[in-house]
Amino acid sequence: MKLGVCYYPEHWSEDLWEQDAAEMVETGIEWVRIGEFAWSRYEPNPGEYHWDWLKRSLDILGNAGLKVVLGTPTATPPKWLMDQHPEIIASDEDGQPRGFGSRRHYCFSSQIYREHCKRIVTEMAQEFGDHPAVAAWQTDNEYGCHETIISYSVAARDAFRQWCAERFNDDIQALNQAWGNVFWSMEYRSFDEIELPNLTVTEANPAHKLDFWRFSSDQVVSYNKLQTDILREHSPGRELIHNYMGNFTDFNHHDVSADLDIASWDSYPLGFLDQSNASETEKLQWMRTGHPDFAAFHHDLYRGTGNGRMWVMEQQPGPVNWAPHNPSPLNGMVRFWTWEAFAHGAEVVSYFRWRQAPFAQEQMHSALKRPDNSADIALSEATTTASEIKELATSSPTQPHKEVALVFDYESDWSLRVQPQGDNYGSLEWAMSLYGACRSCGLNIDILSPQADLDAYKVIVLANQQLESDALLTSLKHSDAQIIIGPRSFSKTQQYQIPSNLAPGVLQSLIPLKAARVESLNDAWSDTVEPNSSTVNGTLRIKKWREFIETDLKPQFTSDDGWGFLYQNNNIYYINGCMDQYSLDQLFMQLLSQNESLQLSPCPNGLRQQKLGQWQFFFNYGPEEQLLPSHRQTILGEHKLAQGQLAIVKR
């Protein structure tokens, strides 16, 4: 449990560097990330490298006792490079180039840009790979931010054609069959005829779009590996990290993380809430705390992609600048968010940033210090947290307990976005709703890929698994866990076609039913279902999605129009519709209470908990005061929790 901060020495007079480093150490900060946007200072002219200022800053930070995460600067290619090679730029879905003047203005498929990335990263690694202050490297910055994963450039088209040829073994008829190109006379004679799935008169072929999304994700993977290979060669023994984002699934983080040591992410609970599709009521309710399950979901997601190792590279310290509205956090929330990250296994929580910039795009983004160098509120909260960490260091815990595995498949997420069959169906939102239902029961959740080992878990939940998966099917067949399958699971083959035996495809070997018809429904519509079984009770409200099931199994609930909901076969449960969050929470409480291997601990009114080693954390997001059992010994905090307060107790 370490604290860090993001720092930009190139933004400040060198007269401040030593003072800044000393104050960071005094605050309790141990890690500093620098350098990820400084290419124009490293190489102001082609081939003219200026490393002296970076070396001086590294020396100062290292001499103060700080460890540095040095970022490669490839998220911001300089103007001279863009002028030399304008073809580096990405194109949006309308075919328009993304211009110079901010950041992430490159296409992952540009071979010219890759050569320049290889050059600058090699120069940096050779220059600073063995510097004693450099303990880790960050590749690039926030892959995909500002919708930059999918590019419709000429370079992307040419690379996609090659990717398709490799995927289909140079057999264009195999591609035509897989994509169903006989429909609307879309058949190709050769791979050189393939165009990108944009600018079509109406909807592009969904199989084409899904494969283009797979290709685009693979481009990020190979681009990242280009950098990690260089860094491992010239800077051995250093941790390699990338900083992912919240509410962002445009590429497969598992595949990128395979070439990294640690997965990190940038946590902005208030900004992402205001940008989200949450209702206005929810946005007001959690305006100063963030949604109770948002940060936790991403901690667990990225811990899963990082094989158990996770950092928060950027933690929101106050109001940000980029959301539609930018409220100030409730006092104490920066400390609260920091401890919540640790509860979910974070090794480091790093605040963005040390000092607020008085210029350019992020001048309204707060920091630990204000532009005049005075302390902002978050600095005192970071200092308090550092002191608490020091007091508890002798009894620091291990990894979170394994209770629930939530299977989240990036490719299925893309497939559901390619053809959602309803513009109010958000696959990531549904996954977060299922996650929240498990969290409301007081359980720990690991978010894992369909290929993960699921043997240790007592509950397995399929969140958005639209595509059939042989690996996942094998895991489910050999599991004696309680398995809860969400709607739309296994409803498409890997080639994006309806299974020959209808949905849920090969899952019918586990639960004998099929979805004969589906419907997506307007947000204004809802219906209730009543229980048919003694094992369930209460009325549930169905919204957005229904599947009409053919089976000999009896539904556990029925609506007034005779529609059956929720089917069980031994340890397998199939949920054939979507619900509001209250109903989903109630259903999961009922289903999971039947699992004798679990000890549920209901979380009312915004209270959340997490088990980590011998510690149990409690976090109160809600406005009502929460009382913890008086017989539990507190390690940190009190038994009475107001909004924005936390406690750690012995288990």
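Contact here means heavy atoms within 4.5 Å. By that criterion, Ser 469 touches Pro 450, Gln 451 and Phe 490, with residues up to four places away in sequence not counted. The model is predicted. Ser 469 sits in the loop between β11 (459-462) and α17 (470-477). Its relative accessible area is 7%. The cut-off for a buried residue is under 20%, so Ser 469 counts as buried.

Phe 408 occupies another loop, between β9 (404-407) and α15 (410-418). Its relative accessibility is 1%, and Phe 408 is therefore classed as buried. Neighbours within four places in sequence were set aside for its contacts. The remaining partners are Thr 249, Leu 301, Asp 413, Leu 428, Ala 431, Ile 447, Leu 448, Ser 449, Pro 450 and Asn 464. Asn 464 is 56 residues from Phe 408 in sequence. In space, their C-alpha atoms are 6.2 Å apart. Pro 450 appears among the contacts of Phe 408 and also among those of Ser 469.

Leu 301, a contact of Phe 408, belongs to helix α12. This helix covers residues 294-305. At 1.5 Å a residue, its twelve residues should span 16 Å. The end C-alpha atoms are 17 Å apart, which agrees. Twelve of the twelve residues of α12 are buried, so the helix is largely enclosed by the rest of the structure. The buried set includes the aromatic residues Phe 294, Phe 297 and Tyr 302. His 298, His 299, Asp 300 and Arg 303 are buried as well. After α12 comes Asn 307, with a positive phi near 50°.

Helix α18 spans residues 581-593. For its 13 residues, 1.5 Å a residue gives an expected span of 18 Å. The end C-alpha atoms lie 18 Å apart, in agreement. The buried residues of α18 are Ser 583, Leu 584, Asp 585, Leu 587, Phe 588, Gln 590, Leu 591 and Leu 592. An α-helix has 3.6 residues a turn, so residues three or four places apart point the same way. Leu 584, Leu 587, Phe 588 and Leu 591 are among the buried residues of α18.

The second largest pocket has a volume of about 870 Å³. Its lining comprises 38 residues. Pro 206, Gln 419, Lys 492, Tyr 496 and Ile 498 lie nearest the pocket centre. At least two lining residues come from each of α7 (172-179), α8 (206-234), β13 (513-520) and β15 (540-551). The largest share, four residues, is supplied by β13. By residue class, the lining divides into 20 nonpolar, twelve polar and six charged residues.

The structure holds zero disulfides. A disulfide is a covalent bond between the sulfur atoms of two cysteines. For Cys 107, the closest cysteine sulfur is that of Cys 117, at 11 Å, which is too far for a bond. Cys 107 is buried, with a relative accessible area of 1%. Cys 441 is likewise in no disulfide. The nearest cysteine sulfur to Cys 441 belongs to Cys 438 and is 6.6 Å away. Cys 441 is buried, at 0% relative accessible area.

Two cis peptide bonds may be described next. One joins Phe 352 and Arg 353, with omega about 5°. Arg 353 lies in the loop between β8 (346-351) and α14 (377-392). Another cis bond runs from Ala 503 to Pro 504, with omega near 0°. Pro 504 is in the loop between β12 (482-485) and β13. That strand, β13, also contributes to the lining of the second largest pocket.

Positive phi values occur at residues other than glycine. His 146 has a phi of about 65°. This residue is placed in the loop between β4 (134-138) and α6 (154-167). Its relative accessible area is 39%, and His 146 is partly exposed. Asn 169 has a positive phi of about 55° and is not a glycine either. Asn 169 falls in the loop between α6 and α7. At 67% relative accessible area, Asn 169 is exposed.

Technical notes:
Residues numbered from 1 in each chain as written. Predicted model: local features only at pLDDT ≥ 70, side-chain atom pairs only at ≥ 80, totals over all residues. Heavy atoms only, no water. 1 Å grid on protein atoms, 1.4 Å probe; cavity = no way out; pocket = protein on both sides within 12 Å on 5 of 7 lines; lining within 4 Å. Points joined across faces, edges and corners; volume = space filled by probe spheres on them. Nonpolar A, V, L, I, M, F, W, Y, C, P; charged D, E, K, R; others polar. Expected span 1.5 Å × (residues − 1). Buried < 20%, exposed > 50% of the residue type's maximum accessible area, 1.4 Å probe, protein only. Disulfide = S-S within 2.5 Å.
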